[in-house]
Every structure is written in C-alpha cells, then in structure tokens.
Amino acid sequence: MRERDPFGRRAIYLRHLSLTHFRNYVHQELELPPGLLVFVGNNAQGKSNLLEAAYLLATTRSLRATTDREMVGWTAAQEPLPYSRVAGTATAAEGDVRVELVIQTARSESIPGEEEPWPEEPEPADLSVRTLRKVFKVNEVPRRAAEVVGRVKAVLFGPEEVETIGGPPSLRRRSLDLAASQVDPAYVRALQRYTQVAAQRNALLRAIREGHASSSQLAVWDGQLVETGSLILLQRLALVRALQESVQQAYVALSGEGKPLTLSYESTVPVLRREEERASVQEAFHRALERSRPREVLLGTTLVGPHRDDLRFFEGKVDMGVYASRGQQRSLALAVKLAEATYMRDLSGQAPLLLLDDVLSELDASHRAGLLRACAAMEQVWLTTADEKQLPPLAAERPMALYRVERGTVKVGTSLL
Ligand SMILES: Nc1ncnc2c1ncn2[C@@H]1O[C@H](COP(=O)(O)OP(=O)(O)O)[C@@H](O)[C@H]1O
Ligand SMILES: [Mg+2]
C-alpha cells in the first residue's frame, strides 16, 4: 500500500506491535506493513488475542475481557512482579506515535523471603492477592487513559458483535461511544464526568428517598448532568446521522439486501430534529428531569439521559433487533462497524485499523468479496481466519501480508494458495 495518499498525507497504520505476557503471548515482536494483514491459525492459538491487543492500544479497553486480570499472561507468574505489556507504534500525520499499556501488579501481602513457585506448565497466575493498575504512555510520557484514547484508532468486529443489534441497549451505546471517543477527546471527558455525576446524583436520590437530604440539593448535579449529557447526546445524534447512509451501503454489500434501512436514535430526552442545538437540548433535558423526578426519587436512580438511550434499526417498518435473522443481524452489525470506521476516517482524516475477527466463515463467497471491497478505503485491515481458503480472490488486488498464528507466536507466512 502507498505511503502517501493522493493528498500527500501519510498513510496511518500500526507498524510495530510488541506483546509481553499478554494472554498466551509470552513475548512477541511484530513488524506490520499497511494493507491487508491476514492471520491464519487453528482455534485457540491467539488470533483474537492479537486483535484484542491492537484494540486496547486504541481504546484502552478490551471488548471481551471482564477484568484486566484476565489479560495478564499466565507466564507472568515467573516475574517478581507479574505484569503484562502491550506497545505499538503507529505512523501518523504528526510522525510516529508510540502507545504503551502496562498492567502492573503490586503485591499487597508480600511475605519477605518467600519464593514464588515456578510452574512447569503455566497456569493462570494467582493474582487474587494483588492489586492491579494500568499505566499508559504515549511517546514515553505517562498519560491518563482519557488522553490515550484515539491516538491510535481502531474498529473491532468479532464473533460477539452480532449481539449489538438484538442484545441489550448498553451494547449499542458502547458501540457509539467507542467510535465517538476516538475522534473527540472532549467526548471522552464528557463521558467520564457524566458517569461520575450520575453516580453521585443516584446516591443523592437515595438519600432524598430516605429523608436524609432535600430535593433542592439536586440542582447542582442536574446542572452538571445536563451539561455533560447534552454534549454526549448531540455527538451521538451527529454520529447516527452520519452512519445512516454508509450503514445502508455496507449492508447491501454484505447481504445483497437493498431495502431501505433507518437508524433511529431513541432518546430519553425528547429532542426534536429542529431542536438539535445545544441550548434547546439542555432545556429539554432539564424539563425531562423535572418530569421524572418523583419516579427517580422513588427508584433512587437517574432515569433520563444518554445512559438510558437506545439505537434501533429498521428495515422499512421492521425492527431488525427483534425480527431479523441471526445472519441478517450479523451482517448489519458488521455494516455498522464499517460505517463507524468510515465516520472516524472522514472526521479525523485518519483511517482506523479495521480489526475483523473471524468474519469470513459466516459470509458466503460473494459477500466475502463485498466485504473486502467495502474496507478497501482503510489503510490497514486485520483479518483472522482458521481457513485460508476462505480468502476471496479479490485479496490478490491488494497488498497482502500473511501470518501464521500458532500457540502464542506469530510468524510471517507464505500463502499456500
Ligand atoms: N491470561 C492468559 N494467559 C495465557 N493464556 C491465555 C490467557 N487468556 C487466554 N489465554 C489462552 O488464549 C487462547 C485463546 O486465544 P484466542 O486468541 O482467543 O484464540 P483464537 O486463535 O481461536 O482466536 C486459549 O488457549 C486460552 O487458554
Ligand atoms: Mg478467535
């Protein structure tokens, strides 16, 4: 792939990845070119772990780990203080960016002189007595997580993402949040602040219910909830509007179905289209809070705001989250991810890494080709597969690097095809 696009901007991609005690990788260094990267390997060899690592660098979060502990490689138990490190270097418009994440353990109950057992066969490190902390660096300078998000950008689609369409609303909100966060640091800050404010406001609502506090104390929290929540709401509305057309295009490419799709952002704050400017959204938010106050006090929780919103998908009048087949939901979820990637690229001028985990097996041959066409505009596309034969012939038109993943090691491979 070209190093510069027709406008002279530098191509943006991850050119180096380094893993230490990350999941089943003991130590791995990888040089990566732009273009299409194909990771071939049997089940449970470390393909998804690799994509998870790249996604962590972009978002500081894993989509599948429920705890950070889980990602620390079992081999880390050999270290005096077990740790896990993921580091990556991306080429970017302003030069190279090196992002590093270390999950550190601190022994909370260290017994002097005690020897750590050195397991013959690595087992899950017993980190239960240890506290963990995540340390981030960008270009060697320590940073808070919120300052790291989006320095490298990525969109991940894995087998679990089919749930995005029909699963709980929180998954759809998370998808929007992760896309918006990577292109706007203000969004990350608003989201963090909003979550804190909502938690404090909930505590106050419960105190009011128990008679330990008065409703007048809500005003200051309401103000902050509305301030940060409106920013989130407006950004999400803009994002959903931008996704509308590209989701449709990608869905046609992936499924062959051409019926009109509608994305509908359903907010607990009644925002009319013409009201979508800051002052009126804030006003509507305040009114909605006032209306639901008695119920909020009764339940001790905040019922209005972006943390209660949803995104729904309609094909004509049919709610895809309810009625679409699993295959359709899967194609739609993938179409949403591709559209998010396009949005992020258009807004920031940097194409995100497109991390596609095990997508080929569930698409038929013509739609596999459609997928590759749909992601042709992305600088670096990571694709995992257990079966190389599923690669569509179109792959030949694009520079492709092939890797073999086996028991936590990645080797540069040559295609058998
Ligand atoms: N913290 C960990 N330490 C060591 N190995 C791990 C850890 N977490 C998961 N694994 C191992 O990683 C393997 C799964 O890797 P994965 O990337 O999901 O495979 P796949 O190639 O099928 O995508 C399993 O063998 C699992 O035991
Ligand atoms: Mg996998």
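Which residue follows helix 9, and is its phi positive or negative? Helix 9 gives way to G349, whose phi is positive, near 75°. Helices here (H or I, at least four residues) and strands (E, at least two) are DSSP runs, numbered from the N terminus. The model is a predicted one, in which local features need pLDDT of at least 70 and side-chain atom pairs count only at pLDDT 80 or more, while totals for chains, interfaces and linings use all residues. Residues are numbered from 1 along each chain as its sequence is written, and chains are lettered from A and ligands numbered from 1 in the order in which they are written.

A word on confidence comes next. The protein chain has an average pLDDT (the predictor's confidence in each residue, from 0 to 100) of 90, and 89% of the residues score at least 70. Residues 110-122 stay under 50 in pLDDT, and the model has 5 contacts beyond four places in sequence for them; a contact here requires C-beta atoms, placed from the backbone, within 7 Å.

Two helices can be described in some detail. Helix 9 covers residues 326-348; because 23 residues at 1.5 Å a residue should span 33 Å, the 33 Å between its end C-alpha atoms agrees with expectation. The expected span is 1.5 Å times one less than the number of residues. Of the 23 residues in helix 9, 17 are buried, leaving the helix mostly covered. A residue counts as buried if 20 or more other C-beta atoms lie within 10 Å of its own, as exposed if 12 or fewer do, and as partly exposed in between, with C-beta atoms placed from the backbone. Helix 1 has 13 residues and reaches 19 Å from its first C-alpha to its last, close to the 18 Å expected. In helix 1, 13 of 13 residues are buried, and T60, with a positive phi near 65°, follows the helix.

Helix 1 (residues 47-59) also leads us to the ligand, since it supplies the largest share of the shell around ligand 1, with 3 residues. In total, 16 residues surround ligand 1, the closest being N24, A44, K47, S48 and N49; a residue is near a molecule if its C-beta atom, placed from the backbone, lies within 6 Å of it. By class, the shell holds 5 nonpolar, 8 polar and 3 charged residues.

Turning to the strands, pairing requires that DSSP find at least two bridges between them. Strand 12 (residues 353-357) is largely enclosed by the rest of the structure, because 5 of its 5 residues are buried. Both of its faces are covered, with L353, L355 and D357 on one side and L354 and L356 on the other. Strand 12 runs parallel to strand 8 (residues 154-157), joined by 4 bridges, and L156 has L355 as its bridge partner. Strand 12 is also parallel to strand 13 (residues 380-385), again through 4 bridges, where L355 stands opposite W382.

Antiparallel pairing appears elsewhere. An open sheet of 3 strands has the order 9-10-11, with strand 9 (261-266) and strand 11 (318-319) as edge strands that each pair on one side only. Strand 10 (residues 310-315) meets strand 11 over 2 bridges, and E315 stands opposite V318. Strand 14 (residues 400-406) and strand 15 (residues 409-413) are antiparallel over 5 bridges, with R404 opposite K411. These two strands form a hairpin with 2 residues between them, and R407 in the turn has a positive phi of about 40°.

Conventions
Two residues are in contact if their C-beta atoms, placed from the backbone, lie within 7 Å. Ala, Val, Leu, Ile, Met, Phe, Trp, Tyr, Cys and Pro count as nonpolar, Asp, Glu, Lys and Arg as charged, and the others, Gly among them, as polar.
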